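Hi,

Here is the structure I promised to pass on. Have a look at it first, and my notes on what turned up follow underneath.

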Amino acid sequence: MVEVEALLGRLRHENQSPEEKDQLRIAMDLFEFLFETGQTYAFDEYRKSLDLRAPPLVTASFDTREEAMAWLKAHPNPPDGAKVLIAGEYHNIVYFRDLGERRLPGSPVLEFYLEDMARGGLPPPVATFDSYEEAKAWVDSQPEPPQQVFILIAGEYHLVAYHYRVNLRAIYPMSMAAKSLPEAEADD
C-alpha cells in the first residue's frame, strides 16, 4: 500500500490538471484514512475476498430484524453503506447523520453476485445431499469452514460460503440468482 500511495503522489506531482490533482489527493487521503484508523488489515482481507470472488462482505449478522435494529440504534457511528445479514438475507445500513435516522433496507446484492457466479459457469459440486438439514450438518462439521464451494441439495445447486468477518457459514440456493435475471434469460 505504501508503494501505491507513492505512485499516487508521483502522479499528482506530475499532473497539470487541478481537478485531477484534487482527485489524486482524495485517493491519497483514502490511504491515510486506512492507516490512521487501523484498517489496513481489513483492507487486505477485503482485497483477498475480491480475488477469491467471495460473497459481498457483511459487517454483522442477526437472526431477526428486531435484533438488527437494536444493534443499529445503539451503534455510536453506524457504518453507512455497509451490509448486514438478517436471517440470511442481505440488508444495507443507511445512516443519515444530520437527521440521526437509521434504516436497514433489503439489498439485492446477493442475487446479483449469484447471477454473476452462474454466468461464469459453476464447477462440479463437492457433495450431494437429500435435504438442507443434511447439508447444514455437513457444512457445520467441517473443521475449516469452506470458503466458497458448491453442493447439490435435492438436485439443486447451492453455494456454501464463509463470512469470515462474522464467523458465519452460509448456504445460498443458486435459484436466487434468477430473481435478478430478465425474464427471457431466466427461462434459458
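Sorted by class, the residues lining the largest pocket come out as 11 nonpolar, four polar and four charged. Keep in mind that this is a predicted model. The lining has 19 residues, and those nearest the pocket's centre are Gln-39, Ala-42, Leu-57, Thr-59 and Arg-165. As for volume, the largest pocket comes to about 490 Å³.

Which helix gives the most to that lining? It's α3, with four residues. Helices α2 (18–36) and α3 (40–51) each put in at least two.

Then there's the second largest pocket, with a volume of about 250 Å³. It is lined by 15 residues, and Ala-87, Gly-88, Tyr-132, Ala-170 and Tyr-172 are the closest to its centre. By class, the lining of this second pocket splits into nine nonpolar, two polar and four charged residues. At least two lining residues come from each of β1 (60–62), α6 (132–141) and β9 (168–173). Strand β9 gives the most here, with six residues.

On to the aromatics. A pair of aromatic rings is described by how far apart the centres are and by the angle of the planes. This structure has three aromatic pairs, and I'll go through two of them, Phe-62 with Trp-71 and Phe-129 with Trp-138.

The rings of Phe-62 and Trp-71 sit 5.4 Å apart, centre to centre, with 50 degrees between their planes, and the pair is tilted. Buried or exposed, where does Phe-62 fall? Phe-62 is buried, because its relative accessible area is 11% and buried means under 20%. Its partner Trp-71 has 25% relative accessibility, so Trp-71 counts as partly exposed.

Now for Phe-129 and Trp-138. Why does this pair count as tilted? The ring centres are 5.5 Å apart and the planes meet at 45 degrees, and tilted is the class for planes that are neither under 30 degrees apart nor over 60. Phe-129 is at 11% relative accessibility, so Phe-129 counts as buried. Trp-138 is at 23%, so Trp-138 counts as partly exposed.

If you open the model, you could start with Gln-39 and Ala-42 in the largest pocket, then go to Tyr-132 and Tyr-172 in the second largest, and finish with the two tilted pairs, Phe-62 with Trp-71 and Phe-129 with Trp-138.

Cheers

Definitions and conventions. Residues are numbered from 1 along each chain as its sequence is written. This is a predicted model: local features need pLDDT of at least 70, side-chain atom pairs count only at pLDDT 80 or more; totals for chains, interfaces and linings use all residues. Side-chain values use heavy atoms; hydrogens and water are left out. Rings of Phe, Tyr and Trp (its six-membered ring) pair if their centres lie within 6.5 Å; planes under 30 degrees apart count as stacked, over 60 as edge-to-face and the rest as tilted. Buried means under 20% relative accessible area, exposed over 50%, partly exposed in between (1.4 Å probe, protein chains only). On a 1 Å grid over the protein atoms alone, a cavity is a set of points where a 1.4 Å probe fits but cannot get out, and a pocket is an open set with protein on both sides within 12 Å along at least five of seven lines; lining residues have an atom within 4 Å of a point. Grid points are joined across faces, edges and corners, and a volume is the space filled by probe spheres set on the points. Ala, Val, Leu, Ile, Met, Phe, Trp, Tyr, Cys and Pro count as nonpolar, Asp, Glu, Lys and Arg as charged, and the others, Gly among them, as polar.
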